[in-house]
Amino acid sequence: MKIILTLSSDRSICESIKATLPDTDMLLFEYTLEDALRRLVSITPDTIILDDTPSFGLPALQELRSKMLDTPILVLTNNAGKDALSTYLMAGAHACIPKPFDCAALAEHVATIQPTVSPTPIQNPLPPQQLIANTSVSQ
């Protein structure tokens with residue numbers, strides 16, 4: 001199951017993400033960092049999309065990164081300058097997309113950073129010798 005958590009206080013960004021990622025199994029939206037942190041107690045998203053708004057930004061990224069060490073975080077930012085982008089990347093963002101964003105580019109970034117799930121191999125608790133039935137006939 002693919003779960004994406006989006007943090008944005010801008011409803012138009014949320015609607016754009018909803019339209020861009022319709023095949024996502026579970027697309028969740030939180031409008032405050034506190035609500036997002038409460039949500040993270042019960043779910044582990046495959047990807048987090050963080051909208052760089054006055055409500056969120058670098059402090060929110062740092063807080064999320066401290067709680068979700070391995071979860072890819074994609075930042076949507078108004079500030080496309082090299083300094084801002086490198087600050088986000090050094091703070092733990094996997095990618096930054098300048099706003100306004102191209103929906104196809106967002107979908108491509110999400111597909112690229114989304115972890116791929118490979119099937120878990122079947123593991124046998126018994127060594128191979130014990131799996132083979134004893135076929136010798138006693139006489």
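**A guided reading of the predicted fold**

Serine 86 is partly exposed in this predicted model, because its relative accessible area is 32%, a value that lies between the limits of 20% for buried and 50% for exposed. This serine belongs to helix H4, which spans residues 82-90. Counted along the sequence, serine 86 and cysteine 96 are 10 residues apart, and their C-alpha atoms lie 9.1 Å from each other.

From this single residue the view may be widened to the whole chain. The secondary structure consists of 6 helices and 5 strands. Read from the N terminus, these elements follow the order β-α-β-α-β-α-β-α-β-α-α. The chain has 139 residues, of which 40% count as buried. Among contacts with a separation of 6 or more, 58% join residues that are 24 or more positions apart.

The interior is described next. The largest nonpolar core contains 21 residues, and Leu7, Leu50, Leu61, Leu64 and Val75 have the most contacts inside it. Two or more residues of this core come from each of strand S1 (3-7), H2, strand S3 (47-51), H3 and strand S4 (73-77). A second core, separate from the one just described, has 15 residues, including Ile4, Ile17, Leu74 and Val110.

Two residues illustrate the surroundings of the larger core. Leucine 64 is in contact with Leu7, Leu33, Leu37, Leu40, Ile48, Leu50 and Ile73, when its neighbours within four places in sequence are left aside. Isoleucine 48, for its part, is located in strand S3. With a relative accessibility of 0%, isoleucine 48 is therefore classed as buried. Beyond residues up to four places away in sequence, isoleucine 48 touches Leu5, Leu7, Leu64, Met68, Thr71, Pro72, Ile73 and Leu74. Isoleucine 48 and valine 75 are separated by 27 residues in sequence, while the distance between their C-alpha atoms is 8.5 Å.

The helices can now be considered in turn, beginning with H1. Helix H1 covers residues 11-20, and its buried residues are Ile13, Cys14, Ile17 and Thr20. Viewed down the helix axis, these buried residues occupy an arc of 130 degrees, so they line one face of H1. Arg11 and Ala19, on the other side of H1, are exposed. The cover over the buried residues of H1 includes S1, strand S2 (26-30), S3, S4 and helix H5 (103-113).

Helix H2 can be read in the same manner. Its buried residues are Leu33, Ala36 and Leu40. Because these residues fall within an arc of 55 degrees when seen down the axis of H2, they line one face of the helix. Exposed residues on the other side of H2 are Arg38, Val41 and Ser42. The buried residues of H2 pack against S1, S2 and H3.

The packing of H2 with H3 deserves a separate description. Two packed helices are described by the angle between their axes and the distance between the axes. Helix H2 (residues 33-42) and helix H3 (residues 58-67) meet at an angle of about 10 degrees, and their axes are 11 Å apart. An angle under 35 degrees counts as roughly parallel, and H2 and H3 are therefore roughly parallel to each other. On the H2 side the contact is formed by Leu33, Leu37 and Leu40, and on the H3 side by Ala60, Glu63, Leu64 and Lys67. Sorted by class, this contact comprises 5 nonpolar and 2 charged residues, with no polar residues.

Another residue of H3 is arginine 65. Arginine 65 has a relative accessible area of 13%, and is therefore buried. Apart from residues up to four places away in sequence, arginine 65 touches Asp70, Thr71, Pro72, Ile73, Ala91, Gly92 and His94. Between arginine 65 and glycine 92 there is a separation of 27 residues in sequence, yet the distance from C-alpha to C-alpha is 6.5 Å.

A feature of the backbone completes the account. Most peptide bonds are trans. Lysine 99 and proline 100, however, are joined by a cis peptide bond, with omega at about -5 degrees. Proline 100 is found in the loop between strand S5 (95-98) and H5.

Key
Residues are numbered from 1 along each chain as its sequence is written. This is a predicted model: local features need pLDDT of at least 70, side-chain atom pairs count only at pLDDT 80 or more; totals for chains, interfaces and linings use all residues. Side-chain values use heavy atoms; hydrogens and water are left out. Axes are lines fitted to C-alpha atoms, for helices over the stretch in contact, and angles run from 0 to 180 degrees between N-to-C directions. Helices (H or I, at least four residues) and strands (E, at least two) are DSSP runs, numbered from the N terminus. Angles under 35 degrees count as roughly parallel, over 145 as roughly antiparallel, 65 to 115 as roughly perpendicular and the rest as oblique. Contact means heavy atoms within 4.5 Å. Ala, Val, Leu, Ile, Met, Phe, Trp, Tyr, Cys and Pro count as nonpolar, Asp, Glu, Lys and Arg as charged, and the others, Gly among them, as polar. A nonpolar core is a set of buried Ala, Val, Leu, Ile, Met, Phe, Trp, Tyr and Cys residues joined through side-chain atoms within 4.5 Å. Buried means under 20% relative accessible area, exposed over 50%, partly exposed in between (1.4 Å probe, protein chains only). The arc is that of the directions from the helix axis to the C-beta atoms.
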